[in-house]
Amino acid sequence: MTALKCCKLNLMQWRLHPKYLLCLTFLALNLWQLVHGFVPYARAVGGTVSPWILPLLPGHSSSYALTMLAFVLLISDAPFRNAQQRFVIQRTGKRQWVLGQILYLFVLSVVFTLVLFVFSWLVVLPVLEWQTDWGVVIETAGRYPDAYGSMGVFPPITCSLDIMLGCTGMEATLWTVGVQILVCFFLGLLVLVCNLYTNRSVGTALATALVFLSFFVRTASFEAEYFRYLSWISPMSWSDRSLMGFTNMYLPPYSYGVYMPLILCTVLIALVVTTIHRKDVDGSEN
């Protein structure tokens, strides 16, 4: 209960700190720029768009890396300390305080991922149809991307068949949402641990480097397939289904994208919870 109250204090900062509104605005504009082209494309195809667009975004060139940098901005100052936190630590103790920080990072990861999901289909609302399958428009974009090129209409994003084969759109989206939450949570914990025990800039630098590693894996994979193997050590790539599941190509299985971030998160949580009592935490640190 004490940890929940500490988490709530951080949530209250959303209406006070401008970075949250800034990130929300950026996500809305970025996803509109990425996805809104499905509206004219769907009208050219003569069909409707299913809401399962989110699984396609991580495999689309480099654009998704920019989206994830917005999350890095949100977690860059973890643990979230200010003048008020000094008194919170004094009243609750360091362990309950850090548990509240961990819980907040998980809530932030969930909210961030759900915002991505909602915005990904909200911008195509005029041609949206809820269904469990990928739908005729997304399947056409994946199988015949140039079919309407003579009309000057192309899919706004790359709809990889590697993502679409073997599962429905709903199944792929549920998997992507789950893995995305775990990966975001891992990034948040990594920044928290690094910022607590090293220089504050180290955590943000590492998280940013992991985002750019996924960008490198994605772009380099187009040039040479053996770069795809780097997805084993690129956490941000684990939510990209086009780089997962093809074990015959020595790529990570889908289960790897679930249990690996779980293991990493567990290790980081255990590390910080068992050692926080040795750390001299000043709640007013910046």
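# A tour of rings, a pocket and a buried helix

Start by selecting Arg241 and Tyr254: Arg241 lies over the face of Tyr254, 4.2 Å from the ring centre. Keep in mind as you look around that this is a predicted model.

Stay on Arg241 and add Trp175 to the selection. The charged end of Arg241 also sits over the ring of Trp175, at 5.0 Å from its centre.

**Next stop: Tyr256 and its two tryptophans**

Now select Tyr256, Trp232 and Trp238. A search of the whole structure turns up 12 aromatic pairs. Trp232 and Tyr256 make an edge-to-face pair, with 4.9 Å from centre to centre and 70° between the planes. Which parts of the chain does this pair tie together? Trp232 belongs to the loop between helix H10 (200–223) and helix H11 (256–275), while Tyr256 is in helix H11, so the contact ties together parts 24 residues apart in sequence.

Turn to Trp238 for a second pair with Tyr256. Here the ring centres are 5.4 Å apart and the planes stand at 85°, so this pair is edge-to-face. Trp238 is in the loop between H10 and H11 and Tyr256 in helix H11, so this pair links distant parts of the chain, 18 residues apart.

Try a surface view on these three residues. Are they buried or exposed? Trp232 is partly exposed, at 31% relative accessibility. Tyr256 is buried, with a relative accessible area of 9%, and Trp238 is buried too, at 2%.

**Along helix H11 to Thr275**

Follow helix H11 to Thr275, which has its place in that helix. Thr275 counts as buried because its relative accessibility is 16%, and buried means under 20%. Show side chains here and add Tyr197: a polar contact of 2.7 Å joins the side chains of Thr275 and Tyr197.

**A cluster of rings**

For another group of aromatics, select Trp52, Phe117, Trp121 and Trp130. Ring pairs link these four residues into a cluster.

**The second largest pocket**

Next, bring up Trp14, Tyr20, Leu21, Cys23, Leu24, Leu27, Leu74, Leu108, Val111, Phe112 and Val115, the residues that line the second largest pocket. The volume of this pocket is about 190 Å³. Colour helix H2 (18–35) and helix H6 (94–122), the elements that each give two or more residues to the lining. Which element gives the most? That is H2, with five residues. What kind of residues make up the lining? It divides into 11 nonpolar, no polar and no charged residues.

**Helix H4, from the inside**

One of the lining residues, Leu74, also takes you to the next stop, since Leu74 is among the buried residues of H4. Select residues 63–75 to see the whole of helix H4. Why call this helix largely enclosed by the rest of the structure? Because 10 of its 13 residues are buried. To see them, pick Ser63, Tyr64, Ala65, Thr67, Met68, Ala70, Phe71, Val72, Leu74 and Ile75.

**Last stop: Phe154**

Finish at Phe154, in the loop between helix H7 (136–143) and helix H8 (161–164). Phe154 is partly exposed, with a relative accessible area of 44%. Add Phe38 and draw a distance between the two C-alpha atoms: they are 8.6 Å apart in space, although Phe154 and Phe38 are 116 residues apart in sequence.

How values were computed:
Residues are numbered from 1 along each chain as its sequence is written. This is a predicted model: local features need pLDDT of at least 70, side-chain atom pairs count only at pLDDT 80 or more; totals for chains, interfaces and linings use all residues. Side-chain values use heavy atoms; hydrogens and water are left out. Rings of Phe, Tyr and Trp (its six-membered ring) pair if their centres lie within 6.5 Å; planes under 30 degrees apart count as stacked, over 60 as edge-to-face and the rest as tilted. Helices (H or I, at least four residues) and strands (E, at least two) are DSSP runs, numbered from the N terminus. Buried means under 20% relative accessible area, exposed over 50%, partly exposed in between (1.4 Å probe, protein chains only). A charge sits over a ring if NZ of Lys or CZ of Arg is within 6 Å of the ring centre and within 35 degrees of the ring normal. On a 1 Å grid over the protein atoms alone, a cavity is a set of points where a 1.4 Å probe fits but cannot get out, and a pocket is an open set with protein on both sides within 12 Å along at least five of seven lines; lining residues have an atom within 4 Å of a point. Grid points are joined across faces, edges and corners, and a volume is the space filled by probe spheres set on the points. Ala, Val, Leu, Ile, Met, Phe, Trp, Tyr, Cys and Pro count as nonpolar, Asp, Glu, Lys and Arg as charged, and the others, Gly among them, as polar. A polar contact is a pair of N or O atoms within 3.5 Å; within protein, one must be able to donate a hydrogen and the other to accept it, and residues adjacent in sequence count only if both atoms are side-chain atoms.
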